[in-house]
Amino acid sequence: MLAIALRCTARAEVKLGNEVLAAEHCKVLQGKRVGLLTNPSGVNRHLDSTIDVLLAAPGVKLVALFGPEHGIYGAVGAGDKVANTIDARTGLPAYSLYGKTFRPTPEMLEGLDAFVYDLQDTGCRSYTFVSSMGVAMEACAEAGVEFVVLDRPNPLGGMRVEGPMLEAKFRSHVGYWNVPYVYGLTCGELARMINGEGWIKKPCRLTVVPMKGWKRSMVWRDTDLPWVSSSPHVPHGDSALYQVATGMRSEEHTSELQSLRHL
């Protein structure tokens, strides 16, 4: 009876979108020139970087890296601008989406067949990574580049939806999409919503590589996945729980300051 009970309570292993991609031999990227938007959180359960996985993948040509706020290696302070550079480790161009521009330019996307997104967000609207995702989707739609999301768990789970919708006067890169403050979606689900609801000028050619084993009731600690700091102030898997308790006023204050700078 004990063995039966243990089998009934055992959880299926959560496989991240990047792990499913690798297990399927990167078939959605075969023969394609690829750009990758990522940072240190873009790893699998063995802490292998998606940068390295794509560099080693037969039939895939990783040709450019893109970094969100804090940069590709997460070393830049909150709100500080990040410059374009050549990545010293890989020799690839490393374009910043938190510097002179928040969206990929046509020059950055030139020659790409696919643009891959692998970033861990917090499930909270006031987080710039999901803003970067959507504006990059819009740029890829205009450039005719496929947008590929490697899906990841929402650390707050998929059942918790709380807080007000975004007020238009506070819209900024800190809070961009008209969703509840705690929106209960994975990044892949949010990408589908952005595309399907017409929140960008033109829908992109979107491919979401889904997870396996994740359930909507899971918060991060239930996934048995290692947490890599998604940004300097989100060092632990439980940090997102505190962000939603303290971030609302910070989001509004930041948006107000950004509006004042444009007066």
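In the hairpin formed by strands β3 and β4, six residues lie between the strands, and Gly-91 adopts a positive phi near 80 degrees. The structure described here is a predicted model.

Strand β3 comprises residues 85-86 and pairs with β4 in the antiparallel sense through two bridges. Thr-85 has Ala-94 as its bridge partner in β4. Strand β4 itself spans residues 93-96. A further pairing involves strand β2 (residues 60-67), which runs parallel to β4 and is joined to β4 by three bridges. Here Leu-65 is the residue whose bridge partner in β4 is Ala-94. Ala-94 is thus a bridge partner of Thr-85 and also of Leu-65. With respect to its two faces, β4 presents Ala-94 and Ser-96 on the covered face, whereas Pro-93 and Tyr-95 occupy the uncovered one.

Helix α6 extends over residues 187-196, and its buried residues are Cys-187, Gly-188, Leu-190, Ala-191, Ile-194 and Asn-195. These residues are placed on the same side of α6 because they cover an arc of only 160 degrees around the axis. The elements against which the buried residues of α6 pack comprise two strands preceding the helix in the chain numbering, β5 (114-118) and β6 (146-150), together with helix α5 (128-143) and strand β7 (206-209). After α6 comes Gly-198, which has a positive phi near 70 degrees.

Methods
Residues are numbered from 1 along each chain as its sequence is written. This is a predicted model: local features need pLDDT of at least 70, side-chain atom pairs count only at pLDDT 80 or more; totals for chains, interfaces and linings use all residues. Side-chain values use heavy atoms; hydrogens and water are left out. Buried means under 20% relative accessible area, exposed over 50%, partly exposed in between (1.4 Å probe, protein chains only). Helices (H or I, at least four residues) and strands (E, at least two) are DSSP runs, numbered from the N terminus. Two strands pair if DSSP finds at least two bridges between them. The arc is that of the directions from the helix axis to the C-beta atoms. Contact means heavy atoms within 4.5 Å.
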